[in-house]
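Notebook open, new chain on the screen. I'll start with the overall build and then go inside.

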Amino acid sequence: MELIAKRPNGTKDMIPAEAHKWHTVEKVVSETAECFGFKEIRFPMFEETGLFKRSVGDTTDVVQKEMYTVSSKGDDTFTLRPEGTAGTVRAVLQNGLLNEALPLKTYYIISCFRHEKAQKGRLREFHQFGVEMFGSKSYLADADVIALAQSVLLRLGIENTVLNINSIGCPHCREKYQQALREYFGKYTDKLCGTCLSRMEKNPMRILDCKSEICSDIAKDAPVILDFLCDECKEHFENLKENLTERGIAFKVNPKIVRGLDYYTKTVFEFVSDSIGAQGTICGGGRYDGLVEQLGGQPTPALGFAMGIERLLLTMEAENCEFNQPKTCDIYIAAMGKAAEKKTVALVSALRDEGYHAESDVMGRGLKAQMKYADKMGAKFTLVLGDNELLSGKAKLKNMKKGEETEISLGDKFIDDFSDAMIAEMFDVEEMFKG
RNA sequence: GUGGGUAUAGCGUAGCUGGUUAACGCGUCAGUUUGUGGCACUGAAGACCAUGGGUUCGAAUCCCAUUAUCCACCCCA
């Protein structure tokens with residue numbers, strides 16, 4: 001078939017047959033966040049381009065080469081959000097939310113856009129579940145946020161992940177560290193790759209992350225940030241580790257993890273899965289104590305994380321996690337003839353008003369084909385209406401799983417009778433699970 | 001942006017040492033007599049074999065280009 005348009009590169013359709021998977025994740029994720037006291041926030045899909053430049057960082061890949069920037073009719077340029085933190089902070093400040101009781105705890109489920117080359121677990125339009133907490137500089141906040149992330153993963157049924165944590169210090173210790181890095185890497189200017197050379201001045205920490213053989217070889221013996229932390233940062237990190245241990249949360253200190261977004265300070269962490277290919281980071285986050293002030297607010301410590309929903313789904317599929325099953329049809333009413341058709345429409349309508357999932361034919365099919373359809377839809381009950389039923393005012397309600405039929409009144413008692421049948425059905429399912 | 005793999009009906013595949021109407025499974029639809037689904041059987045619809053060039057008497061099959069997609073690098077969720 002020759003289509004006139006195809007799905008853009010790096011995007012995915014969510015088809016009805018997969019909706020229940022997304023619903024499962026969205027439900028678990030938001031319920032867990034609410035258990036921890038986080039409330040949902042929504043904000044625009046696009047923002048002024050400057051917001052991302054200033055928060056995510058001018059030198060980052062995300063800003064330099066991955067943003068979808070569009071110009072509107074005026075002179076302003078807007079950018080499709082590549083992540084959720086910047087928009088959240090902007091919205092929090094613009095609505096004065098930091099003037100209310102602290103900590104402020106928000107969560108979101110959003111789509112994000114980055115112009116990257118697509119591969120497994122990496123899309124141009126992808127979805128994130130993220131949380132942000134404002135107002136606390138305590139390690140307890142870090143531990144709580146990490147505990148939330150872990151709790152979400154466990155409730156989704158994801159068990160095989162590793163939690164990596166690190167501290168990248170505050171601006172004070174970072175400056176000393178970056179100086180040390182420049183001195184160290186300065187000895188190898190003739191060997192480092194081009195991108196790393198350009199990183200030297202602006203952000204030498206990112207050289208540590210370079211996967212080029214030569215650079216990573218040199219980076220092996222580079223100074224480690226943890227040796228340069230100031231007393232406050234060191235204490236914060238030690239307290240966090242202790243608190244995580246007390247909570248029974250296993251972690252690995254990994255001095256190599258350096259988040260690629262400039263706003264992070266002190267704690268950074270990620271949960272990694274090894275079952276979904278190269279893009280195994282399913283959750284990444286950390287503290288960003290300077291960002292609120294940088295965007296024009298009062299100095300306010302803050303932190304958060306984001307999870308890639310597509311990556312969560314990949315992991316859940318890889319680990320054979322269970323999804324909530326979609327709701328199926330409660331009752332299908334098959335009609336034969338014009339008179340029955342009228343009655344059918346009336347009954348279906350009444351059932352729907354009571355909240356039942358009721359269906360009837362819209363294809364002009366014969367009885368047999370209607371029954372086949374009802375079966376395929378997974379209808380729990382069927383009811384056949386013809387002249388006989390209309391005359392007697394009674395019909396046979398068929399339980400499709402068992403094949404049993406019970407008589408049901410088509411009069412005023414219809415809804416009550418059907419409710420009883422549904423309750424019996426539910427009760428029966430429970431019995432089956434017990435057995 | 002850089003590599004490598006793959007492109008055949010809605011989905012999954014066969015056919016790929018070139019040769020009549022491109023096959024199979026699943027799915028869809030209809031039927032197997034009279035008012036009842038699941039099973040079985042029968043039949044139907046559905047593919048310009050990704051696109052454009054070439055080689056050849058002849059190309060789904062060989063060659064080149066383009067595009068799409070997948071995996072990996074990079075980066076990140």
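I looked at contacts first (heavy atoms within 4.5 Å): in chain A, 69% of those with a separation of 6 or more join residues 24 or more positions apart.

Ground rules for my own sake: this is a predicted model, where local features need pLDDT of at least 70, side-chain atom pairs count only at pLDDT 80 or more, and totals for chains, interfaces and linings use all residues. Residues are numbered from 1 along each chain as its sequence is written, chains are lettered from A and ligands numbered from 1 in the order written, and side-chain values use heavy atoms, with hydrogens and water left out.

I then checked the overall dimensions. Chain A has a radius of gyration of 29 Å, while a compact globule of 435 residues would have one near 22 Å (taken over C-alpha atoms; the rule is 2.2 Å times the number of residues to the power 0.38). Along the principal axes, its C-alpha atoms fill a box of roughly 95 × 55 × 45 Å.

Next, the inside. I find 47% of the 435 residues buried, meaning under 20% relative accessible area with a 1.4 Å probe, protein chains only.

I went after the largest nonpolar core (buried Ala, Val, Leu, Ile, Met, Phe, Trp, Tyr and Cys joined through side-chain atoms within 4.5 Å). It has 51 residues, and F134, L181, F185, L192, L208, Y263 and Y288 touch the most other members. Helix α6 (residues 171–186) gives the most to this core, five residues. Another core lies apart from it, with 41 residues, including A33 and C283.

Last, I picked Y288. Leaving out residues up to four places away in sequence, Y288 touches partners including T85, F134, Y263 and L303.

Note on methods:
Buried means under 20% relative accessible area, exposed over 50%, partly exposed in between (1.4 Å probe, protein chains only). Helices (H or I, at least four residues) and strands (E, at least two) are DSSP runs, numbered from the N terminus.
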